[in-house]
Amino acid sequence: MSHTAHIPSHRKPRRSASKIALRAGVAGGVLSTLAVAAAAGTANAAEPVSETIEMPTLTADLSAQIAQSADATQQAADSYESRAEQDAAFAKAAKQAKEDRAKAEKKAEAERKAKAAAAKKAEEERASRATERTTLSTQSTSGSGATASASASDSVAPASGSVGTVISFLKAQLGDAYVMGASGPNAWDCSSLVQAAFKQAGVDLPRVSQDQSVAGTPVSLSNIQVGDILYWGGAGSAYHVGVYIGNGQYLDAANPSKGVVIQDLSGYPASGAVRVL
């Protein structure tokens, strides 16, 4: 008998293979179950995590869309407001243009009427002057020199009217002396007498005969009328002037020997004539 036989063995008794296998099977099943549960738990836990991760992205996109929508709405509102302001400005401009056009038409009509009235008045004045010239021509006496001067004082000129005023003034100076450079009231030279006569009718003529010969509208000697200025010499270089009084006669400050007289054109034909009235 072995000397160790009476000593109890400290080794754990061996388990049978079936028990071990059973236990291993049980343990494997439990572990498998835990693994499956863990996997399921992990899977279940992953879903909330996945949703939590994606939510901020969806929320950010939605916020951006809302912001874009708000911007688009504001832009549309600004566009509508701008268009409304433009429409109001166009309406105001159209109204102002209509008012301006009405004022312009009214002003043009007033100017047209004023021009028509002025033209009518001018025509009446021309007709009046023509009548005056005809009357003065009929009233003028025949003859020349001293005889003409004497009879001229008996003729009657119209008391009013531009042409009549000129002729009346001239005839009132008959018999005055001729003095070169004199300008009245009792002595004249040719151009100073003409200048003074037309001044009575409100016409300012140049002082010298050269300028007086181009001061008005040129007329042919065949068409001269009472009140036309006659000149001798060239237009612009005339050396003498007088005033036609009708019936082939003119009145002038002739020279130192004659003074202011009425003369016949036939005895001293003029070079040309101008009309200022």
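Is His 240 buried or exposed? In this predicted model, His 240 is buried, with a relative accessible area of 8%, a value that falls under the 20% limit below which a residue is counted as buried. The residue belongs to strand S5, which spans residues 240–246. When neighbours within four places in sequence are left aside, the contacts of His 240 are with Cys 190, Ser 209, Leu 230, Tyr 231, Trp 232, Asp 252, Ala 253 and Ala 254. For one of these partners, Ala 254, the separation from His 240 is 14 residues in sequence, and the C-alpha to C-alpha distance is 8.5 Å.

The protein as a whole comprises 5 helices and 8 strands, and these elements follow one another along the sequence in the pattern α-α-α-β-β-α-α-β-β-β-β-β-β. Of the 277 residues in the protein, 26% are buried. The exposed surface amounts to about 17700 Å², of which 58% is supplied by carbon and sulfur atoms. Among contacts in the protein with a sequence separation of 6 or more, 56% are accounted for by residues that lie 24 or more positions apart.

Two packed helices are described by the angle between their axes and the distance between the axes. In the case of helix H3 (residues 162–172) and helix H4 (residues 190–199), the axes come within 8 Å and cross at roughly 135°, and this angle makes H3 oblique to H4, because an angle counts as roughly antiparallel when it is over 145 degrees and as roughly perpendicular when it lies from 65 to 115 degrees. The crossing in which H3 passes H4 is right-handed. On the side of H3, the contact is made by Val 166, Phe 169 and Leu 170, while H4 contributes Leu 193, Ala 196, Ala 197 and Phe 198. In terms of residue character, the contact of H3 with H4 consists of 7 nonpolar residues, with no polar and no charged residues.

A further buried position is found in the loop between H3 and strand S1 (177–178), where Gln 173 is placed. The relative accessibility of Gln 173 is 9%, and the residue therefore counts as buried. Not counting residues up to four places away in sequence, Gln 173 touches Pro 185, Trp 188, Leu 193 and Val 260. Leu 193, which is one of the residues that H4 brings to the contact with H3, is thus also a partner of Gln 173 in the loop.

Definitions and conventions:
Residues numbered from 1 in each chain as written. Predicted model: local features only at pLDDT ≥ 70, side-chain atom pairs only at ≥ 80, totals over all residues. Heavy atoms only, no water. Axes fitted to C-alpha atoms, helices over the stretch in contact; angles between N-to-C directions. Helix = DSSP H or I, 4+ residues; strand = E, 2+ residues; numbered from the N terminus. Parallel < 35°, antiparallel > 145°, perpendicular 65-115°, else oblique. Left-handed = near helix turned anticlockwise from the far one by under 90°. Contact = heavy atoms within 4.5 Å. Nonpolar A, V, L, I, M, F, W, Y, C, P; charged D, E, K, R; others polar. Buried < 20%, exposed > 50% of the residue type's maximum accessible area, 1.4 Å probe, protein only. Areas by Shrake-Rupley, 256 points an atom, 1.4 Å probe, with all protein chains shown as cover.
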